[in-house]
Amino acid sequence: MTIALALSVSVTAVSCKKGLDKIENAVTKSGEDKSQAIIDFNNNFLDSYKSSSRHVENIVEYAEAAVKKSKGETVYSMPMVINSMDYSLSKIKGVPSGFDSEQKIIETELVTYKRRRESIEKKYEELKSYITSEDYKDDQGAKALALQKDINAEAKAFFLAGDNIVAKIKPATEAAEEVILKDHPMKDYIVSSKSVMNTLDAVMDVLDKQYTQGFNEAEAQKNYDELEKAVDVNAKKQFDVAGQQYAYKKTLFENFNKRATEFLDKYRKLIRDSKTGNKIPDSNIQEISSAYDSVLNSYNSFVQ
């Protein structure tokens, strides 16, 4: 059996419990094929949302700088916006029927998500041309301001649709994982590793907030302790799975734990470096983001 389990993403969303039992029961009865389709959709969408979110945030920052520049304010360098091809989104050909009563809602939100992303990209290209050609000298930055307002509105709608999709797919995905993992020899290691990733995602949410709003040592240390405990529990597991086809997974499991331990090293450094000015330095947030990507990549290699 091919393992393709879901990753978690932390979002601020409240989902209604009413009707969720029905969805979970439907998934449980649907079998492995539909369950795998749900998990594949979940993985592809979360990969898309993470990469596209960064891209959209960069465009929002560019638009803010563009308005300042167009008004004659000093902008030493414009924020970099790297061309982003969302390959994960292109893999999504439709919303699986296994989502049951939530399928139509997810489809509607997915259309909004795609259209908003495309619109933001087009408006960014228009704004970039306007800034590069220095056309703002003709209208004193009026177009830059208008495009910024449009981009901000589109970005808000993009993130709202993305958060709604994440909230809607989570219950069915968790139920689908139970179906796939029910008799799987690696269930214990996969569930424990996913617990590490869940805790790690929560840590990144906190650090992202503190990076912009100010460092809180007590909160950062509390999250560090929780992550350290989860990593320690996982790392102490001796990988012992019968079957030659799983032999190579031992190295991948150990590599995941190694990357997670290295993340903790960067986390301790971040806490130490952020104490003095109650602010997380740019270099530390870059280091911790890179360390997170390494853990995520090793996790994907292990569970896929």
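Start with the whole chain in cartoon view: the secondary structure of the protein comes to 10 helices and 0 strands. The model is a predicted one. Read from the N terminus, the elements run α-α-α-α-α-α-α-α-α-α. Of the 304 residues in the protein, 44% are buried. Among contacts between residues at least 6 apart in sequence, 81% join residues at least 24 apart.

**Stop 1: the largest nonpolar core**

Select Phe41, Phe45, Phe99, Leu110, Tyr113 and Leu127 and show their side chains. They belong to the largest nonpolar core, which has 38 residues, and they are the ones that touch the most other members. Now colour α2 (32–70), α4 (103–132) and α6 (142–181), each of which supplies at least two residues of this core.

Keep Phe41 selected and display what surrounds it. Leaving aside residues up to four places away in sequence, Phe41 touches Ile92, Gly94, Val95, Pro96, Phe99, Ile106, Leu110 and Ile169. Another core, of 37 residues, lies apart from the one just shown; to find it, select Met186, Ile190, Leu264 and Ile285, which are among its members.

**Stop 2: Asp163**

Go next to helix α6 and pick Asp163, which has its place there. Is Asp163 buried or partly exposed? Its relative accessible area is 22%, and because buried means under 20%, Asp163 counts as partly exposed. Add Tyr49 to the selection and draw a C-alpha to C-alpha distance: Asp163 and Tyr49 are 9.1 Å apart in space, although 114 residues separate them in sequence.

**Stop 3: the loop before α6**

Move to the loop between α5 (136–139) and α6, where Gln140 is found. Its phi is near 55 degrees, a positive value in a residue other than glycine. With a relative accessible area of 60%, Gln140 is exposed.

**Stop 4: α7 against α8**

Select residues 187–213 for helix α7 and residues 217–235 for helix α8. Their axes come within 9 Å and cross at roughly 165 degrees. Angles over 145 degrees count as roughly antiparallel, and α7 and α8 are therefore roughly antiparallel to each other. Their crossing is left-handed.

To see the contact, show side chains on both helices. From α7 come Tyr189, Ser192, Ser193, Val196, Thr199, Leu200, Ala202, Val203, Val206, Lys209 and Gln210. From α8 come Glu219, Ala220, Asn223, Glu226, Leu227, Ala230, Val231, Val233 and Asn234. Colour the contact of α7 with α8 by class and you will find 11 nonpolar, 6 polar and 3 charged residues.

**Stop 5: α9 against α10**

Finish at the C-terminal pair of helices in the list, taking residues 249–274 for α9 and residues 282–303 for α10. At what angle do α9 and α10 pack? The angle is about 165 degrees, and the axes are 9 Å apart. That makes α9 roughly antiparallel to α10. The crossing of α9 and α10 is left-handed. By class, the contact of α9 with α10 holds 14 nonpolar, 5 polar and 6 charged residues.

Last, select Asn278 in the loop between α9 and α10. Asn278 is not a glycine, yet it has a positive phi of about 50 degrees.

Note on methods:
Residues are numbered from 1 along each chain as its sequence is written. This is a predicted model: local features need pLDDT of at least 70, side-chain atom pairs count only at pLDDT 80 or more; totals for chains, interfaces and linings use all residues. Side-chain values use heavy atoms; hydrogens and water are left out. Axes are lines fitted to C-alpha atoms, for helices over the stretch in contact, and angles run from 0 to 180 degrees between N-to-C directions. Helices (H or I, at least four residues) and strands (E, at least two) are DSSP runs, numbered from the N terminus. Angles under 35 degrees count as roughly parallel, over 145 as roughly antiparallel, 65 to 115 as roughly perpendicular and the rest as oblique. A crossing is left-handed if the near helix is turned anticlockwise from the far one by less than a right angle, and right-handed if clockwise. Ala, Val, Leu, Ile, Met, Phe, Trp, Tyr, Cys and Pro count as nonpolar, Asp, Glu, Lys and Arg as charged, and the others, Gly among them, as polar. A nonpolar core is a set of buried Ala, Val, Leu, Ile, Met, Phe, Trp, Tyr and Cys residues joined through side-chain atoms within 4.5 Å. Buried means under 20% relative accessible area, exposed over 50%, partly exposed in between (1.4 Å probe, protein chains only). Contact means heavy atoms within 4.5 Å.
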